[in-house]
Amino acid sequence: MFGNSIALMSGKGGVGKTTLASNIAGILAAVGRKVLVVDLDHQADLGKDLGYAYTEEGLADGGSALLSAAISQVSLDKPPLVGVRDNLDVIPSGGQTEALKKFIESYYPDGGAQAYEHHGAILGGALYDLVDDYDVVVFDCPPDFTSGLVYEALACTRWLLVPSAVDAASEEGLINAHLATQVVAERNPDLEMVGAVLFDLPSNASRLAQEFNEDIAAIVAHAGLREDLVFPTWVRTSKKSARDMRKYGKLAHEYYGEHGTLDRWVDGKFNPDLASGAAEALKDDFQFIVRELIERTGL
Ligand SMILES: Nc1ncnc2c1ncn2[C@@H]1O[C@H](COP(=O)(O)OP(=O)(O)OP(=O)(O)O)[C@@H](O)[C@H]1O
Ligand SMILES: [Mg+2]
């Protein structure tokens with residue numbers, strides 16, 4: 001287990017894992033932490049959020065460095081992408097990440113979803129020489145609690161952050177995340193679900209957030225999770241900002257810096273593309289979320 005690591009995980013797709021992974025990593029790097037992000041999802045959306053997907057260098061690896069390290073059982077000595085931002089390096093994913101998943105699962109007696117004495121050995125070995133060079137290691141995971149890759153990450157990480165919606169399926173999602181941590185509990189007794197972050201909710205959703213908190217209170221108590229599991233700040237809905245951020249490879253604070261402060265009327269012309277208010281709100285949300293995360297983890 002790497003004491004400086006956090007994994008973004010959920011059994012549900014499209015709940016904000018990658019958006020949170022990239023923005024949390026980007027903010028921590030911007031305030032001076034040395035950050036490594038490990039993309040374990042073959043969809044490789046992280047590359048779009050951080051912008052390297054649009055570069056030759058970013059396209060080249062496709063997850064092959066991590067796969068080779070896993071197969072050869074020799075740790076990577078440097079990440080394939082160094083300096084994606086100041087203080088921010090990345091181990092990217094891609095087509096080869098599916099092969100990595102299959103390779104890992106071939107070692108598991110049952111695909112990975114049952115306790116296994118070597119959980120975490122393959123991913124841990126592949127990153128072993130690297131992690132001490134970083135203040136924080138962030139894992140962006142695929143939406144699949146049956147994937148061996150996810151169990152490798154669970155066995156390696158200190159903290160688990162679960163993005164969530166507020167519907168009934170999301171309550172189940174939190175239970176599933178907790179059950180997944182139990183699978184690796186013997187291998188990684190320090191693993192802790194540090195929080196759930198509500199994602200894609202309107203600004204005025206306090207009532208909904210409150211109801212969700214009340215609905216999960218029994219689950220949280222039963223599972224022995226922290227009472228204040230749900231972060232007080234949620235990621236506010238902004239389809240326009242989200243679309244642009246991923247399209248242009250900009251994090252929320254970068255997008256805000258470039259678009260948010262400008263007027264819609266510039267030199268007598270109306271600019272419909274600016275997303276001022278929403279971009280500012282989103283940038284603020286991620287900053288509050290990172291502050292909360294630092295308070296809870298000491299990262
Ligand atoms: N503030 C926001 N409001 C609305 N939509 C958003 C917001 N931020 C991001 N999105 C969009 O929500 C979608 C899902 O986000 P994201 O890719 O981060 O989820 P994910 O959990 O990583 O998905 P997957 O399970 O496929 O990996 C994306 O299309 C993203 O652009
Ligand atoms: Mg994702």
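The points below review the sheet, the helix packing, one buried residue and the ligand shell of this predicted model.

1. **Sheet order.** The model holds an open sheet of 8 strands, with mixed pairing. Read across the sheet, the order is β3-β4-β2-β5-β1-β6-β7-β8. The edge positions belong to β3 (81–85) and β8, each of which has a single partner strand, so one side of each is left without a neighbour in the sheet.

2. **The β6 and β7 pair.** Strand β6 (residues 157–164) runs parallel to strand β7 (residues 192–201), and 6 bridges join the two. For register, one may take Pro163, whose bridge partner in β7 is Val197.

3. **A helix across the sheet.** Helix α7 (residues 148–156) lies across three strands, namely β1 (2–8), β5 (136–140) and β6. The direction of α7 is at about 145° to that of β1.

4. **Packing of α8 with α9.** The axes of helix α8 (residues 168–183) and helix α9 (residues 206–223) are 10 Å apart, and the two helices pack at an angle of about 10°. Angles under 35 degrees count as roughly parallel, and α8 and α9 are therefore roughly parallel to each other. On the α8 side the contact is made by Glu171, Leu174, Ile175 and His178; on the α9 side it is made by Asp215, Ile216, Ile219 and Ala223. By class, this contact has 5 nonpolar, 1 polar and 2 charged residues.

5. **Surroundings of Leu66.** Leu66 belongs to helix α4 (residues 64–72). There are 28 other C-beta atoms within 10 Å of Leu66; since a residue counts as buried at 20 or more, Leu66 is buried. Leaving aside neighbours within four places in sequence, the contacts of Leu66 are Ile91, Leu100 and Ala126. For one of these, Ala126, the separation from Leu66 is 60 residues in sequence and 6.8 Å in space, C-alpha to C-alpha.

6. **Shell around ligand 1.** Ligand 1 is surrounded by 20 residues, of which the closest are Gly13, Thr18, Thr19, Pro143 and Ala242. Three elements each supply at least two residues of this shell: α1 (17–30), β8 (235–236) and α10 (239–248). Strand β8 thus appears in two of these points, as an edge strand of the sheet and as a contributor to the shell around ligand 1. By class, the shell has 5 nonpolar, 8 polar and 7 charged residues.

Methods:
Residues numbered from 1 in each chain as written. Chains lettered and ligands numbered in written order. Predicted model: local features only at pLDDT ≥ 70, side-chain atom pairs only at ≥ 80, totals over all residues. Axes fitted to C-alpha atoms, helices over the stretch in contact; angles between N-to-C directions. Helix = DSSP H or I, 4+ residues; strand = E, 2+ residues; numbered from the N terminus. Parallel < 35°, antiparallel > 145°, perpendicular 65-115°, else oblique. Contact = placed C-beta atoms within 7 Å. Nonpolar A, V, L, I, M, F, W, Y, C, P; charged D, E, K, R; others polar. Near = placed C-beta within 6 Å. Buried ≥ 20, exposed ≤ 12 C-beta atoms within 10 Å, placed from the backbone. Pairing = 2+ DSSP bridges.
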